[in-house]
Amino acid sequence: LTERKHELEEAFLTKKILSRAQKIFVNSNATQQRVLDIGLHEEKTYILYPALSQNVFLPSTKREVKKEEKIIFLTIARLVKRKGILFILSALGKLKRENILKDFQYIIIGNGPEKETILQKIKDENLQNEVLLRENAVDEEKWNWLSRTQIFLLTPYEPLLKNGSKDYEGFGIVYLEAQAFGVPIIASNTG
């Protein structure tokens, strides 16, 4: 009951504060919908999509992937349930067991509260030789993996929280980073 009360108070305060704003800038259609869902007017909301800085990292050359190379999958994300990493591990485990996917590597860059659950899932799916979990990677390491990967994977979903509300994906900058490197992306339709 206390969590629900806190949620209602937060919604009330959010609506009160935002209703006094002349303009409300949001970072995605999904975030705009959340603002509209609390009863605010669409005319006040403006979507301002995030972008990458021009002087961050653009690769100097496109990488040509040779057919005989090991497939490298990559996820860069905070290790939380809603990122869908456990679903990806289940899928890769099944593809390996059924000999559909034989020579691959899956790199996970990130840290967070689901680290131990993810490590256990890697063992459960017998993917210890295929999966590398890198915590606290600096930008240069991320750019290095983005320049080497064949497929970027990030399939978030909106799980229900204990208080009945949903945890949602706002806007994933990492998708823009993968696009900047010309990496194909497998994603879900959420956020």
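Student: Which residues of the largest nonpolar core touch the most other members?

Tutor: A nonpolar core is a set of buried nonpolar residues joined through side-chain atoms within 4.5 Å. In this predicted model, the largest such core has 17 residues, and L74, I76, I109, L146 and F152 touch the most other members. Two or more residues each come from β3 (71-76), β4 (104-109), α5 (139-148), β6 (151-154) and α6 (173-180). There is also a second, separate core of 16 residues, which includes F73, L89, L127 and V131.

Student: With what is I76 in contact, once its neighbours within four places in sequence are left aside?

Tutor: Contact is read from heavy atoms within 4.5 Å. By that reading, I76 is in contact with I109, K142, L146, F152, L154 and V174.

Student: K142 appears among those partners. With which residue does K142 form a salt bridge?

Tutor: A salt bridge requires a side-chain nitrogen of Lys or Arg within 4 Å of a carboxyl oxygen of Asp or Glu. K142 is paired with D139, and their closest N and O atoms are 3.4 Å apart. The two residues are separated by about one helical turn, because they stand three residues apart in helix α5. As for accessibility, K142 counts as buried at 15%, whereas D139 is partly exposed, with a relative accessible area of 39%.

Student: How many salt bridges does the structure hold, and which residues are joined into one network?

Tutor: The structure holds six salt bridges. R97, K121 and E125 form one network through salt bridges that share partners. Within this network, the side chains of K121 and E125 meet at 3.3 Å, N to O. E125 counts as buried, at 11% relative accessibility. R97, by contrast, is exposed at 53% and belongs to helix α3 (residues 85-97). R97 also illustrates how sequence and space may be read together: R97 and N126 are 29 residues apart in sequence and 9.1 Å apart in space, C-alpha to C-alpha.

Student: Which parts of the chain does the salt bridge between K96 and E130 tie together?

Tutor: One should first locate each partner, then read the distance. The closest N and O atoms of K96 and E130 are 3.2 Å apart. K96 lies in helix α3 and E130 in the loop between α4 (115-124) and β5 (131-134), so the bridge ties together parts that are 34 residues apart in sequence. K96 is partly exposed, with a relative accessible area of 22%, while E130 counts as buried at 11%.

Student: Why do the buried residues of α6 lie on the same side of that helix?

Tutor: The arc to consider is that of the directions from the helix axis to the C-beta atoms. In α6 the buried residues are V174, Y175, E177 and A178. They are on the same side of α6 because they cover an arc of only 160° around the axis. The cover over these residues includes β3, α5, β6 and β7. After α6 comes G182, with a positive phi near 70°.

Student: Which residues of α2 are buried, and against what do they pack?

Tutor: The same procedure applies. In α2 (residues 29-37), the residues T31, Q32 and V35 are buried. Their arc is only 100° around the axis, which puts them on the same side of α2. The buried residues of α2 pack against β1 (24-26) and β2 (45-47). G39 follows α2 and has a positive phi, near 100°.

Student: Where is a nonpolar patch found on the surface?

Tutor: Residues of a patch have over 30% relative accessible area. Here F12, L13 and I17 make a nonpolar surface patch of about 340 Å². L13 is found in helix α1 (residues 2-19) and is partly exposed, with a relative accessible area of 48%.

Student: Is T190 buried or exposed, and with what is T190 in contact?

Tutor: T190 counts as buried, because its relative accessibility is 18% and buried means under 20%. T190 lies in the segment after β7 (185-187). Leaving aside neighbours within four places in sequence, T190 is in contact with P156, Y157 and E158. T190 and T155 are 35 residues apart in sequence and 8.5 Å apart in space, C-alpha to C-alpha.

Student: How many helices and strands does the chain have?

Tutor: There are six helices and seven strands, arranged along the sequence as α-β-α-β-β-α-β-α-β-α-β-α-β. Of the 191 residues, 34% count as buried.

Conventions
Residues numbered from 1 in each chain as written. Predicted model: local features only at pLDDT ≥ 70, side-chain atom pairs only at ≥ 80, totals over all residues. Heavy atoms only, no water. Patch = residues over 30% accessible without salt bridge, like charges linked within 9 Å, V, L, I, M, F, W, Y side chains within 5 Å. Areas by Shrake-Rupley, 256 points an atom, 1.4 Å probe, with all protein chains shown as cover. Helix = DSSP H or I, 4+ residues; strand = E, 2+ residues; numbered from the N terminus. Buried < 20%, exposed > 50% of the residue type's maximum accessible area, 1.4 Å probe, protein only.
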